[in-house]
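Take a walk through this fold, from the whole chain down to single side chains. Keep the sequence and the coordinates side by side.

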Amino acid sequence: EKMFGLFGGKKKKEFLSDTGKAYLHIYCAKNITVDNQKFTELEHIKGDDLEDVIKISPATHTVTANYDMPADSIFNKRIKAKDISIDCPVEAGQHYIVAIYKVTPEEAEKEENPLMDYVCAVELEKGYSICLYRKK
């Protein structure tokens, strides 16, 4: 049984420096699966912001998870963000962010962000989307 989650600094650096793989940083999510494979079966660690970081092969992967909606969501009572999926085309050596943001896909695409580039998004409900960004 490999324990991926308990890496210290050196191991973490090693884990994150595999240029042949892509990295998904998934925020505020539970019950994560990638292509129907449980998160715990994949190579993963906790990131610096306590996000879940998964190391995967470059390809298009389907990421499914239950998310905590952003705190200011007026839909919190009604909408459980359960089993939300997004197809993530990822390239080797790149880091990607998967998270729910208070944006429409159109807004996300137009937004200038100094830290990340928009890849794709799926609208969940009025004004909220699950987004995939590539870190710059």
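The text below starts with the chain as a whole, then turns to the sheet, one of its strands, and a few residues.

This is a predicted model. The protein chain has two helices and 10 strands. Read from the N terminus, the order of elements is α-β-β-β-β-β-β-β-β-α-β-β. The chain counts 136 residues, and 43% of them are buried. About 8100 Å² of the protein chain is exposed. Carbon and sulfur atoms supply 51% of that area. Now look at contacts between residues at least 6 apart in sequence. Of these, 66% join residues at least 24 apart.

Next comes the sheet. Six strands form it, and it is open. Their order across the sheet is S4-S5-S1-S8-S10-S9, with mixed pairing. S4, residues 44-46, and S9, residues 116-125, stand at the two edges. Each has a single partner strand, so one side of each has no neighbour in the sheet. From one strand to the next, the twist averages 20 degrees.

Move to the S4 end. S4 and S5 run antiparallel, joined by three bridges. S5 covers residues 52-56. Histidine 44 of S4 stands opposite isoleucine 54 in S5. On to the next pairing. Strand S1, residues 22-26, is joined to S5 by five bridges. These two strands also run antiparallel. Here tyrosine 23 stands opposite lysine 55 in S5.

How many residues of S5 are buried? Five of the five are, so S5 is largely enclosed by the rest of the structure. In a regular strand, side chains alternate between the two faces of the sheet. The residues of S5 can be sorted by direction. Asp52, Ile54 and Ile56 point one way. Val53 and Lys55 point the other way. Both sets are buried, with the charged-residue names Asp52 and Lys55 among them.

Now return to the edge strand. Is histidine 44 buried or exposed? Its relative accessibility is 12%, and the cut-off for buried is under 20%, so histidine 44 counts as buried. Its side chain has two backbone oxygens within reach. One belongs to leucine 42, at 2.8 Å. Another belongs to phenylalanine 39, at 3.3 Å. So much for the strand side of this hairpin.

The turn is worth a stop. S4 and S5 form a hairpin with five residues between the strands. One residue of the loop between S4 and S5 is leucine 50. Its phi is positive, about 65 degrees, although leucine 50 is not a glycine. Leucine 50 is also exposed, with a relative accessible area of 66%. The neighbouring element S5, in contrast, has five of five residues buried.

Where does aspartate 83 lie? Aspartate 83 is in strand S7, which spans residues 81-89. Its phi is positive too, about 50 degrees, and aspartate 83 is not a glycine either. At 59% relative accessibility, aspartate 83 counts as exposed, because the cut-off for exposed is over 50%. Leucine 50 sits in a loop, whereas aspartate 83 sits in a strand.

Note on methods. Residues numbered from 1 in each chain as written. Predicted model: local features only at pLDDT ≥ 70, side-chain atom pairs only at ≥ 80, totals over all residues. Heavy atoms only, no water. Pairing = 2+ DSSP bridges. Helix = DSSP H or I, 4+ residues; strand = E, 2+ residues; numbered from the N terminus. Axes fitted to C-alpha atoms, helices over the stretch in contact; angles between N-to-C directions. Buried < 20%, exposed > 50% of the residue type's maximum accessible area, 1.4 Å probe, protein only. Contact = heavy atoms within 4.5 Å. Areas by Shrake-Rupley, 256 points an atom, 1.4 Å probe, with all protein chains shown as cover. Polar contact = N/O pair within 3.5 Å; in protein donor to acceptor, adjacent residues only side chain to side chain.
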